[in-house]
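Please open the model in your viewer and keep the selection tool at hand, since this tour moves from one selection to the next. Each stop says what to pick and what is to be found there.

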2 protein chains.
Amino acid sequence: MNEAREKYLAISGGVGGAKLCLGLASILSADRITFVVNTGDDFEHLGLHISPDLDTLTYTLAGLSNREVGWGRQGETWNFIAALKQFGGESWFNLGDSDLAIHVMRTEMLKSGATLTQTTAALTNSVGIKHTILPMSDDPVRTIVHSEGGDLAFQHYFVRDRCEPNVSGFSFQGSERATVSKELRACLDDPALSGVVICPSNPYVSIDPLFAVAEFGDWLQSTSLPVIAISPIVGGEAIKGPTAKMMCELSVPTSPAAVAQHYVDKIDGFVIDERDREWRDDIKALGLETIVAQTVMVTLADRIDLAQCAIDFIRRLNSGN
Amino acid sequence: MNEAREKYLAISGGVGGAKLCLGLASILSADRITFVVNTGDDFEHLGLHISPDLDTLTYTLAGLSNREVGWGRQGETWNFIAALKQFGGESWFNLGDSDLAIHVMRTEMLKSGATLTQTTAALTNSVGIKHTILPMSDDPVRTIVHSEGGDLAFQHYFVRDRCEPNVSGFSFQGSERATVSKELRACLDDPALSGVVICPSNPYVSIDPLFAVAEFGDWLQSTSLPVIAISPIVGGEAIKGPTAKMMCELSVPTSPAAVAQHYVDKIDGFVIDERDREWRDDIKALGLETIVAQTVMVTLADRIDLAQCAIDFIRRLNSGN
């Protein structure tokens, strides 16, 4: 196929994944890459429908994100949450004043009957994003963290309890009934689709929820298209978030090979960081192709370079070289 | 009755009324004065239940109000509404970042089954207000402005259209089914209740909605307790808001006598400003007692003085002198 017609899908969670998505959006026009985003983190809070990963990707692609912390909006103020505290409201989830707008808008649109996919399209269009961001499903899927202290809703674990509880596993409430939207189905069925990139997000709580939507997980497992993943573990640590901590608690080695093993039935290729070259053979032993790249993305150039690497890797797998 | 046991009710709209309420709250302890507030201005906007007059009184009594404009909160920021605009949201109603908290809290509490009265109690308590603020009803009443351009929801007229349309009348949707809460009923039935003050609010859109709740309007009309009102019209003009403009459009003279006439079947006494002495005889001719006071409240001392005047006036009416 003419390279200029090849289309790609990128699967992403929040902060870590959004970095690579920005790189992909920089090198591929809106008709050539679609982003499919975890909604297992979504929750209803203070009457608002909050979709943290959709928001992070929206802010990132719109150039509105807070580059220091990687989530939320730049130049954010916090007067709403201070006032909420004053009234005795639940203030453990830090909602910025500007950030509130996307939650209020989404909640209103959903209430008026729009799907999460339609809502996301309207919100992303309004801030000038040309690329399509699709929630993994329009049906509610809620990640539950099984911890020593009992089951926790994801945001209770992640934000309220600051990832402190030891985890023993995860489940994805609602995933058994969740289907992919007609918009996502159309992407999967598009004959121009040439491959899938799994961004360097947390495998357990950012990527597994997408796999848990059977229609999507089954498609990924059975597609003949190359599916590649980028390791979120570099030098034995996670770039961002609790991935490494979770792996320890689950008694999984904090290595890229362990992540590759986790994905093994879904992927064809795995990208590891330069400082993890030593794991190449272990990953090849899993039957996977592997490349080494600079996966730690600090600058926009890093994001673009890694995005190019990922697309080149898919092309190589497609060409059979 | 022992003066220290006398209880009072004050009826109020937003800004103008809240000034006098602050004066009353300064001279009467929480067990001696209860505030009954217009909810005809309430509306649902962006999924939030907004009660502008309850909010104004809450902010005023809690010392949180913006003293320059008389509504909203001091030190307010506007990042939410700016972001909402960015996403193409409805931004005609200016919601401050801090102000959002009370709407979000109220909406949540109402959704969980609390009455507006219970919600108001929880919110006012949490910011240290000892006095009781009661909505005029827990049932929805919505002021409709009949204008040359058709019927308008109150906030569309008041905020979106900046009171520009010429008005021909008002109606109070839902008032025919609205009852007073058991909390307000208990105040009305309290044997210690000694009189009622109608604050200098807009008669048409701040006070009439309360009268339109038949159970309350009938009680006011039939009670043997003194009911007094303070003129919102001073020197032919309204201190605040569209009262005088409305009177013109309704072909009513913009005089304190016209306001007294409007209230005549509900009140026993009427307070006019010093510069309106000339209207004394016209008001007496309506069969009403009248006193002259300084009704323009600029400082806290002004608010307290007028409050004391109002209470003294009721006492005089009660003692028959």
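A residue is called buried here if 20 or more other C-beta atoms lie within 10 Å of its own, the C-beta atoms being placed from the backbone. The model is a predicted one, and by this criterion buried residues make up 50% of the 321 residues in chain A.

**Chain A as a whole**

Select chain A and view its C-alpha trace, which spans about 65 × 40 × 40 Å along its principal axes. For 321 residues a compact globule would have a radius of gyration near 20 Å, and the 19 Å of chain A agrees with that. In a cartoon view, 13 helices and 14 strands can be picked out in chain A. Of the contacts in chain A with a separation of 6 or more, 67% are made by residues 24 or more positions apart.

**The open sheet**

Next, select the seven strands of chain A that form an open sheet with parallel pairing, and follow them across in the order 5-2-1-9-10-13-14. Which strands stand at the edges? They are strand 5 (132-135) and strand 14 (289-293) of chain A, and because each has a single partner strand, one side of each is left without a neighbour in the sheet. Neighbouring strands of this sheet are turned against each other by 25 degrees on average, direction ignored.

**Strand 9 and its two partners**

Now narrow the selection to strand 9 of chain A, residues 193-198. Five of its six residues are buried, so strand 9 of chain A is largely enclosed by the rest of the structure. Add strand 1 of chain A, residues 7-12, which pairs with strand 9 in the parallel sense over five bridges; here A:A10 stands opposite A:V197 of strand 9. Then add strand 10 of chain A, residues 227-230, which runs parallel to strand 9 and is joined to it by three bridges. Within strand 10, A:V227 is the bridge partner of A:V196, while A:A229 is the bridge partner of A:I198.

**Where chain B meets chain A**

Finally, show both chains and select the contact between them, which takes 24 residues from chain A and 24 residues from chain B. On the side of chain B that touches chain A, helix 3 (79-86), helix 4 (100-111) and helix 5 (116-126) of chain B each supply at least two residues. Helix 4 of chain B gives the most to this side, with eight residues. Coloured by class, the side of chain B that touches chain A shows twelve nonpolar, nine polar and three charged residues.

How values were computed
Residues numbered from 1 in each chain as written. Chains lettered and ligands numbered in written order. Predicted model: local features only at pLDDT ≥ 70, side-chain atom pairs only at ≥ 80, totals over all residues. Pairing = 2+ DSSP bridges. Helix = DSSP H or I, 4+ residues; strand = E, 2+ residues; numbered from the N terminus. Axes fitted to C-alpha atoms, helices over the stretch in contact; angles between N-to-C directions. Rg over C-alpha atoms; globule rule 2.2 N^0.38 Å. Buried ≥ 20, exposed ≤ 12 C-beta atoms within 10 Å, placed from the backbone. Contact = placed C-beta atoms within 7 Å. Nonpolar A, V, L, I, M, F, W, Y, C, P; charged D, E, K, R; others polar.
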